[in-house]
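Work through the exercises below with the sequence and the model side by side. Try each task before reading its solution.

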Amino acid sequence: GIAQGVGEIAYTSHHPLLHTLFMSSLVKLGKLITGSYNAGAFVYIVLQALMLSAALAGTIVRLARRQASYSFRFFALAIYLLSPMYSNMVSTLLKDIPFMAAFIWYLLLLEECVHRGLDTLSPRDMVKLTLVSALVGLLRKNGLYVVVLTAVVIVIVWGKRLKAKKVFIMFAMIAVLPLLLCKGGDERTIRSLHANRGSVAEMMSIPFQQTARYLQLYRGELSPAEREGIETVLGDVDKIALRYDPLSADAIKALYVTTSGFEALTDYTQARLLRLC
């Protein structure tokens with residue numbers, strides 16, 4: 001993201017452009033004021049630490065409001081303070097920290113909705129939920145799927161208790177409008193920055209990762225047709241197996257052959273489904 005913002009490489013929607021612009025703007029500001037990109041990076045890390053701290057603190061406050069036991073609240077706070085995961089993550093320049101903060105606030109708003117009842121929500125509450133839902137989608141592409149699917153479940157569960165007009169408005173506010181804000185905002189940003197669009201590999205990361213694991217264990221069992229279907233999309237099966245990482249699909253996604261096209265993806269999917277069966 002920083003490399004894109006400072007002009008070293010072209011903008012791409014591979015990662016959320018909202019985060020790229022936010023992070024790179026602070027880094028460039030640090031360079032302008034102090035002559036060093038490091039100063040801006042430091043400011044960004046402090047800000048993202050504050051975002052996550054505020055979100056985690058919000059969970060403790062919510063537990064107190066729901067009259068959770070003191071020992072449980074103390075245990076949760078101890079995890080936040082002592083677990084190296086949080087301190088390690090906030091000290092790195094990652095898109096995941098702002099997303100995590102936004103997602104925690106999204107969950108807190110959902111909890112409030114369930115606790116109070118959707119029929120008691122004010123227009124202000126619905127606007128807050130809409131904006132935070134859109135932010136979740138803008139800070140991570142798969143965050144939008146969570147928002148929309150959650151909205152569908154909420155409408156199904158609560159739909160019988162509300163009037164049809166109320167259900168329609170609710171679904172529009174917590175699903176349709178966040179979807180339009182995310183897609184519209186993303187598209188406008190891509191066009192204004194002339195950014196390259198993300199690869200299909202992002203959508204296929206889980207199937208690709210599963211394929212790599214299978215190849216690591218059983219690639220000797222592949223038929224010639226299955227091997228061809230996989231290699232047209234991801235390249236040599238032996239290389240795929242060697243690059244498998246159980247913690248991240250990035251190494252496998254990077255192997256995606258961008259010129260393979262829809263037909264090749266169809267052949268790959270058929271080969272994968274046949275092997276699963």
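The exercises go from the whole chain to its cores, helices, pockets and single residues.

This is a predicted model, in which local features need pLDDT of at least 70 and side-chain atom pairs count only at pLDDT 80 or more, while totals for chains, interfaces and linings use all residues. Residues are numbered from 1 along each chain as its sequence is written, and side-chain values use heavy atoms, with hydrogens and water left out.

**Exercise 1. The whole chain**

Task: State how many helices and strands the protein chain has, and what share of its residues is buried.

Solution. Start with the elements. Helices (H or I, at least four residues) and strands (E, at least two) are DSSP runs, numbered from the N terminus. The chain has 14 helices and zero strands. Next, the outline: the C-alpha atoms fill a box of roughly 60 × 60 × 45 Å along the principal axes. Then burial. Buried means under 20% relative accessible area, exposed over 50%, and partly exposed in between, with a 1.4 Å probe and protein chains only. Of the 277 residues, 37% are buried. Finish with contacts, meaning heavy atoms within 4.5 Å. Among contacts between residues at least 6 apart in sequence, 64% join residues at least 24 apart.

**Exercise 2. The cores**

Task: Find which elements give two or more residues to the largest nonpolar core.

Solution. Take the definition first. A nonpolar core is a set of buried Ala, Val, Leu, Ile, Met, Phe, Trp, Tyr and Cys residues joined through side-chain atoms within 4.5 Å. The largest core has 23 residues; Tyr-106, Leu-118, Leu-129, Ile-154, Met-170 and Ile-174 touch the most other members. Two or more residues come from each of α6 (96–116), α7 (123–139), α8 (143–158) and α9 (164–193). The most come from α6, which gives six. Now zoom in on Ile-174. Beyond its neighbours within four places in sequence, Ile-174 is in contact with Met-126, Leu-129, Thr-130, Val-147, Ala-151 and Ile-154. A second, separate core has 18 residues, including Leu-234, Ala-241, Ile-252 and Tyr-268.

**Exercise 3. Two helices**

Task: Check the lengths of α6 and α7 against the expected span.

Solution. The expected span is 1.5 Å times one less than the number of residues. For α6, 21 residues should span 30 Å, and the end C-alpha atoms are 30 Å apart, so the two agree. Gly-117 follows α6, with a positive phi near 100°. For α7, 17 residues reach 24 Å from first C-alpha to last, close to the 24 Å expected. Now look at packing. Buried residues of α7 include Asp-125, Met-126, Leu-129 and Thr-130. The buried residues of α7 pack against α2 (17–34), α6, α8 and α9.

**Exercise 4. The pockets**

Task: Describe the linings of the largest pocket and the second largest pocket.

Solution. On a 1 Å grid over the protein atoms alone, a pocket is an open set of points where a 1.4 Å probe fits, with protein on both sides within 12 Å along at least five of seven lines; lining residues have an atom within 4 Å of a point. The largest pocket has a volume of about 1100 Å³. Its lining has 31 residues, with His-14, Lys-141, Asn-142, Glu-202 and Lys-253 closest to the centre. The most come from α9, which gives five. The lining divides into eleven nonpolar, nine polar and eleven charged residues.

The second largest pocket has a volume of about 190 Å³. Of its 13 lining residues, Leu-52, Ser-53, Leu-56, Tyr-80 and Tyr-86 lie nearest the centre. Here α3 gives the most, six residues. This lining has ten nonpolar, three polar and no charged residues.

**Exercise 5. Single residues**

Task: Decide whether Gln-48, Gln-67 and Ile-206 are buried or exposed.

Solution. Gln-48 sits in helix α3. Its relative accessibility is 0%, so Gln-48 counts as buried. Apart from neighbours within four places in sequence, the contacts of Gln-48 include Met-89, Val-90 and Pro-98.

Gln-67 lies in the loop between α3 and α4. At 71% relative accessibility, Gln-67 is exposed. Its phi is positive, near 60°. Most residues other than glycine have a negative phi.

Ile-206 is in helix α10. Its relative accessibility is 58%, so Ile-206 counts as exposed. Ile-206 and Ser-248 are 42 residues apart in sequence and 9.9 Å apart in space, C-alpha to C-alpha.

Technical notes:
Grid points are joined across faces, edges and corners, and a volume is the space filled by probe spheres set on the points. Ala, Val, Leu, Ile, Met, Phe, Trp, Tyr, Cys and Pro count as nonpolar, Asp, Glu, Lys and Arg as charged, and the others, Gly among them, as polar.
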